[in-house]
Amino acid sequence: QVGLETRVTDLWCVSPMAAFGLVVVVLCRVAVAQDWAAIYESHASPDPRRLNTLPDGFEINETLNGSIPLTIVPSWDMFLGFSDKKKYIKGRMSIATIYPEEAAAFVTNPENMVDVLNFGSGSGDINVMSSLKLWDPRSGKTATTVSKTYVGEFSQSAFPYDLSCYPFDMKTVHFHIGLQKPCGIFYKLNLGCAGEGARQVRTWEDGSVRTCAWPVNRSYVGFDWEEFRCDLHNNATLYCEMTGTRQWNTLLQTYIWPSAVYGMMGFQAFALGVKLAMPRVATTMLALLSLTSLRNQVIALLPGSGSTSWMEEYFLIAISFMFLNLVGHAASFHLDAIGRHHTQKMVNKFNLWAMLCFFILVVTARLHVRNCPVIEPAVTLTMTLLMVFVTLSVIIFLVWYHRSAFREAGRHLTEQFEDILHKGPSARQNHQPHPDNV
């Protein structure tokens, strides 16, 4: 009995400790189960950034969680060329990347993770300069800066490219700077506003730079450029742009002025005598061929797709009026051959002066409706209204001056109408079948 009582007493003494251990084991298992559930849930609903940047089955260590800053200081250094047909601007662009020491935890050269996405030349035109150590007084740590230069063509095909007002237009060229995927998971871009003439345009709520501008204010590759501006779109994308006004006076001297001279030749052919049929037609044909040649040169400068430019439309209008001049010559020769000399003179004057004014009216009206940014709408509207007044005045004067020709034309039309009326009944009688033939 004494032994039994001792065992019972020992059991009661041990049982509280066993119960406590049992409770601890249960709690640990519950905690472990919760941890596994949390892990399962995290894998069951992954970060959407992974779905967009990584293939299935691959993950990124998120110990830094997109907090490593890469400060970008872009600059446009040199203009080398511009092409409307191929839609690119050619030049040299530099990107300085500043990053802290921990930025190299995932990538050996973090500066290579920043790229100009619309750079169209090969990798041989990208040069990486030597690195330079800096001191960051805010964090008390060292930082590294590395510059990359891009020399070549920057494509503009992915951006809006309107040539409807060419050559009276403005062009905005774009540069798309971004992080290579999936670096946005642990890197973030900051915009640095530094350099000669740098100006902060906008800032974020925390005081960091959102938009910065650098002055250009010079003329290169046929444009007057204003400034180079960059805007931080998000943590992984930076958009830069430049806006320039086309120097249209050069194109005016090269294409518009010679075409105007050729057009005047085509209209002045009506000042020659009606008996000089060969010189009149040859002059108009020479003007037509010259305008066609100039139009082909302009088309060679512009892309094959997209909206029709004003200059292309101008040449199409001029060529169409040269065809109308050929029709006018044929009408003059016909009227002279049948002896209607007054009407022939009226047709000559109408094609010489009225059609010339109407041609200028159509050209200025088409320029006004395009609402080009380089020319004030008030100027084109004034030119259009002035040409409407001049055209109407010329037509009214020609009608009054050649009123005898209108009388002649009216008398001839009346005679033809009377002949049709008189010949009509007799013709019907002549065409009636004989009763014997029915």
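The legends below describe several close-up views of a predicted model.

**View 1. Strand 1 with its two pairing partners, strand 8 and strand 2**.
Strand 1, which covers residues 68-83, pairs in the parallel sense with strand 8, residues 187-191, and 5 bridges link the two. One place to find this pairing is I68, whose bridge partner in strand 8 is Y187. Strand 1 also pairs with strand 2, residues 88-100, but here the sense is antiparallel and the pairing extends over 11 bridges. Within this antiparallel pair, V73 stands opposite A96 of strand 2. Strand 1 and strand 2 form a hairpin with 4 residues between the strands, and in this hairpin K87 takes a positive phi near 60 degrees. When following such strands by eye, it helps to remember that in a regular strand the side chains alternate between the two faces of the sheet.

**View 2. An open sheet of 6 strands**.
In what order do the strands of this open sheet lie? Read across the sheet, the order is 3-7-12-11-10-9, and the pairing is antiparallel. The edges are formed by strand 3, residues 114-116, and strand 9, residues 199-203, each of which pairs on one side only. From one strand to the next, the twist averages 20 degrees. Inside the sheet, strand 11, residues 223-234, and strand 12, residues 237-246, run antiparallel and are joined by 9 bridges. A reader who wishes to locate this pair may begin with D231, whose bridge partner in strand 12 is Y239.

**View 3. The surroundings of D169**.
D169 lies in the loop between strand 6 and strand 7, the latter covering residues 170-179. Is D169 buried or exposed? Its relative accessibility is 3%, and because buried means under 20%, D169 counts as buried. The side chain of D169 makes a polar contact of 2.7 Å with the side chain of R246, and a polar contact of 3.2 Å joins the side chains of D169 and K171.

**View 4. The largest pocket and the residues that line it**.
The largest pocket holds about 690 Å³ of space. Its lining is made up of 27 residues, and those closest to the centre of the pocket are P69, T71, D136, R138 and N190. Two or more lining residues come from each of strand 1, strand 2, strand 5 (132-136), strand 6 (141-155), strand 8 and strand 11. Which element gives the largest share of this lining? That share comes from strand 8, which supplies 4 residues. Sorted by character, the residues of the pocket lining divide into 13 nonpolar, 8 polar and 6 charged.

**View 5. The largest cavity, lined in part by helix 6 and helix 7**.
Rolling a probe the size of a water molecule over the atoms shows where empty space is left. How many cavities of 30 Å³ or more does the structure hold? There is 1 such cavity, and the volume of the largest cavity is about 40 Å³. The residues that line the largest cavity are L367, H368, N371, C372, I375, P377 and T380. Helix 6, residues 341-369, and helix 7, residues 377-401, each supply at least two residues of this lining. The lining of the largest cavity contains 4 nonpolar and 3 polar residues, with no charged residue among them.

How values were computed. Residues are numbered from 1 along each chain as its sequence is written. This is a predicted model: local features need pLDDT of at least 70, side-chain atom pairs count only at pLDDT 80 or more; totals for chains, interfaces and linings use all residues. Side-chain values use heavy atoms; hydrogens and water are left out. Two strands pair if DSSP finds at least two bridges between them. Axes are lines fitted to C-alpha atoms, for helices over the stretch in contact, and angles run from 0 to 180 degrees between N-to-C directions. On a 1 Å grid over the protein atoms alone, a cavity is a set of points where a 1.4 Å probe fits but cannot get out, and a pocket is an open set with protein on both sides within 12 Å along at least five of seven lines; lining residues have an atom within 4 Å of a point. Grid points are joined across faces, edges and corners, and a volume is the space filled by probe spheres set on the points. Ala, Val, Leu, Ile, Met, Phe, Trp, Tyr, Cys and Pro count as nonpolar, Asp, Glu, Lys and Arg as charged, and the others, Gly among them, as polar. Buried means under 20% relative accessible area, exposed over 50%, partly exposed in between (1.4 Å probe, protein chains only). A polar contact is a pair of N or O atoms within 3.5 Å; within protein, one must be able to donate a hydrogen and the other to accept it, and residues adjacent in sequence count only if both atoms are side-chain atoms.
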